[in-house]
Amino acid sequence: MSYLYTIDQNTKINLSGYSTDRIDKISKEDAAAHTSELGTDLNILQEAMYAAATHSLLIVLQAMDTGGKDGTVSHVFKYINPQGCNVTSFKEPAPDESGRDFLWRAHHAVPLKGMMQIFNRSHYEDVLVVRVHDLVPDKVWKRRYEQIEEFESLLDTDNTIILKFFLHISKGEQRERLLAREEDPDKAWKLSTNDWHERLFWDKYVDAYEDAIGKTAVKHAPWYIVPANDKWYRNHAIAEKLVSVLKHYKPEWETSLKELGERNKKELAVLRARDPRLAKEAECEKERKG
Ligand code: ATP
Ligand code: MG
């Protein structure tokens, strides 16, 4: 069963061929209940990943404005121990970023072993907004697909699991979300005149996304196109994908943990053999518990 579209090889993408509406009949109630079960699984998997510290996880979230990146962060990742997860938001580059190569700030933020890292926007902005608004010459952004592929391939060989999600909303859904921000006082803080301005470039963004996804999708760094008009469906689809990918690593993480546990026990036995006070303390405690 698949709730989203997987693109894991270079291919020509036509986004109009991918639904923005849900592609599975799951009801809202069932999805909500299942998302919370998946959240428990995710929590367990994250703990195993953290403890084993052999892999890291990089999650890339990209979408048109109002596409739901923030909502995904708060709803899907709320199940996870905050100590094991970081979020980096990629805004317009600050001087210390724009003065360096475009991958510098992304590389600077990649996860440590055992950690999850969410990129809220990412290095892909350098072939999206940058292309749409001609911020660099064509020949510069055109080279970047290959540079991104090489960067992600380097991370992969260093045991970083890479999952890239494009939250796919329709232009009509974006209009509704933008208008809702104007009408709802609780959402007004998110209102951005820039979002209305960027909407004028919708078709150019579609072209840029089609190339970004199609030219950088590979087995070790796939793109997932998520039908995202329904927020609850989007959350469920992403949670389901995360769990289904991470659970394959669990046996490996458990083996590492067992080995770690055994090594720790051996070290402790050596320490107790060296210092009788420590051995005695452990014995007394055992006796006390009977
Ligand atoms: P939200 O609006 O939900 O808070 P956001 O990700 O849209 O989140 P904003 O501060 O509204 O955050 O926008 C960040 C802006 O920075 C976006 O318009 C994005 O395209 C832009 N940006 C990101 N990376 C680059 C880049 N490399 N070059 C130019 N602009 C960039
Ligand atoms: Mg914004």
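Student: In this predicted model, are Tyr124 and Trp223 buried or exposed?

Tutor: Both Tyr124 and Trp223 are buried. That label requires a relative accessible area under 20%.

Student: What makes Tyr124 and Trp223 an aromatic pair, and why is the pair called edge-to-face?

Tutor: Start with the general point. A pair of rings is described by the distance of the centres and the angle of the planes. For Tyr124 and Trp223 the centres are 4.9 Å apart. The cut-off is 6.5 Å, so the rings pair. The planes stand at 70 degrees. Edge-to-face needs over 60, so the name fits.

Student: Why say that this pair ties together parts that are apart in sequence?

Tutor: Look at where each residue lies. Tyr124 is in the loop between β4 (116-120) and α5, while Trp223 is in strand β6 (residues 223-227). The parts are 99 residues apart in sequence, so the pair ties them together.

Student: How do you know that Trp141 and Tyr145 are edge-to-face?

Tutor: Their ring centres are 6.3 Å apart, and pairing requires a distance within 6.5 Å. The angle between the planes is 90 degrees; the edge-to-face class begins over 60. Both residues lie in helix α6 (residues 138-157), 4 residues apart, about one turn of the helix.

Student: Why is Trp141 called buried, and why Tyr145?

Tutor: Trp141 has a relative accessible area of 7%, which is under 20%, so Trp141 is buried. Tyr145 has 6%, so Tyr145 counts as buried by that cut-off.

Student: What lies over the face of Tyr145?

Tutor: Lys215 does, at 5.5 Å from the ring centre. The distance limit is 6 Å. Arg144 has its charged end over the ring of Phe102, 4.5 Å from the centre.

Student: How many aromatic pairs does the whole structure hold?

Tutor: A search finds 9. There is also an aromatic cluster formed by Tyr3, Trp232 and Tyr233.

Student: Which residues come nearest to ligand 1, and what makes their contacts polar?

Tutor: Asp70, Lys91, Arg105, Arg121 and Glu125 come nearest, out of 15 around the ligand. A polar contact needs N or O atoms within 3.5 Å. A side-chain N or O atom of Asp70 is 3.0 Å from a ligand oxygen. Lys91 gives 3.0 Å to a ligand oxygen too. For Glu125 the distance is 2.9 Å. These three meet the limit.

Student: How much of ligand 1 does the protein bury?

Tutor: Taken alone, ligand 1 exposes 640 Å², and the protein buries 79% of that. The shell has 10 charged residues, 5 nonpolar and no polar.

How values were computed. Residues numbered from 1 in each chain as written. Chains lettered and ligands numbered in written order. Predicted model: local features only at pLDDT ≥ 70, side-chain atom pairs only at ≥ 80, totals over all residues. Heavy atoms only, no water. Near = heavy atom within 4 Å. Polar contact = N/O pair within 3.5 Å; in protein donor to acceptor, adjacent residues only side chain to side chain. Areas by Shrake-Rupley, 256 points an atom, 1.4 Å probe, with all protein chains shown as cover. Nonpolar A, V, L, I, M, F, W, Y, C, P; charged D, E, K, R; others polar. Phe/Tyr/Trp six-rings, centres within 6.5 Å; stacked < 30°, edge-to-face > 60°. Helix = DSSP H or I, 4+ residues; strand = E, 2+ residues; numbered from the N terminus. Buried < 20%, exposed > 50% of the residue type's maximum accessible area, 1.4 Å probe, protein only. Lys NZ or Arg CZ within 6 Å of the ring centre and 35° of its normal.
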